[in-house]
Amino acid sequence: RESMLGQYIGETEKRTKDLIDKAKGGILFIDEAYSLMPRGGEGDRDFGRHAIDTLMTILSEPDNDLIVIMAGYTDKMEALLDSNPGLNSRFPIRYEFPDYTPTELMDIAMLYFDTNRYCIDDEAKRLLQHLFDEAVAVPNFGNGRYVKTLIENSILPNMGQRIAATGDFDDVDMLSKIEAADIPTENPIKRCSIQHRIGFR
């Protein structure tokens, strides 16, 4: 939305056209496309509508040389497409991506640890798997983003505090090893709701 919408009349159309021109011969990917949905009460200042109208004009041209992918949460994308019959007919191919399983979430976490040269002991791994088992039971839990957020906002800060408390910064193995004490005892998913999905039906 931030890339497409302007602050005054005419700017949105120009920005949208510039993005389309840049994507010619390739793909224009619009993430969280539902944020362009017309909002009630904004009238002519509803620049999201102008972006959609500009996009539809380009898509109507027989020689447009690009693929447009709109992505977002399932229910919100359906609302966007239902809000404009022209959009519905121009996006006949739709995919919905299923949530990751707890095992797949662990695979993502292990890839993160391996890439960043961390290791994790067996007890920490067991506790982490338990968090993933809990997370998938929560609607809109965040999918892969939940894993990254959990690691960077909880596990690594906990690890840093634990190491700092020891005062030992010379043990290279300790500096890279994630232990059970680093895994949060309360699942952060219970404190916040993170929306998910990058596809739609």
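In the predicted model, residue D173 is found in helix α8, which spans residues 172-176. The side chain environment of D173 is an open one, in that this residue is exposed, with a relative accessible area of 59%, and D173 gathers with D168, D170 and D171 in a patch of negative charge on the surface.

The protein chain as a whole contains 8 helices and 4 strands, which follow one another from the N terminus in the order α-β-α-β-α-α-α-β-α-α-α-β; of its 201 residues, 38% count as buried. Strand β1 (residues 27-30) pairs with strand β2 (residues 67-70) in the parallel sense over 4 bridges, and I27 of β1 stands opposite I67 in β2. Within β1 the side chains alternate, with L28 and I30 buried on one face, whereas I27 and F29 point to the other face and are not buried.

The structure holds 7 salt bridges. One of them joins K148 and E152 at 3.1 Å, N to O, two residues that both belong to helix α7 (residues 144-166) and lie 4 residues apart, about one turn of the helix; K148, at 45% relative accessibility, and E152, at 32%, both count as partly exposed. Another salt bridge is formed between E179 and R162 (3.5 Å, N to O). Because E179 lies in the segment after β4 (177-178) and R162 in helix α7, this pair ties together parts that are 17 residues apart in sequence. R162 counts as buried at 16% relative accessibility, while E179 is partly exposed at 27%, and salt bridges with shared partners join R162, E179 and D182 into one network.

Conventions: Residues are numbered from 1 along each chain as its sequence is written. This is a predicted model: local features need pLDDT of at least 70, side-chain atom pairs count only at pLDDT 80 or more; totals for chains, interfaces and linings use all residues. Side-chain values use heavy atoms; hydrogens and water are left out. Patches are made of residues with over 30% relative accessible area and no salt bridge: like charges are joined within 9 Å, nonpolar side chains (Val, Leu, Ile, Met, Phe, Trp, Tyr) within 5 Å. Accessible areas come from the Shrake-Rupley method with a 1.4 Å probe; for residues, only the protein chains shown count as cover. A salt bridge is a side-chain nitrogen of Lys or Arg within 4 Å of a carboxyl oxygen of Asp or Glu. Lys and Arg count as positive and Asp and Glu as negative; His and the chain ends are not counted. The place of a charge is taken as NZ of Lys, CZ of Arg, CG of Asp or CD of Glu. Buried means under 20% relative accessible area, exposed over 50%, partly exposed in between (1.4 Å probe, protein chains only). Two strands pair if DSSP finds at least two bridges between them.
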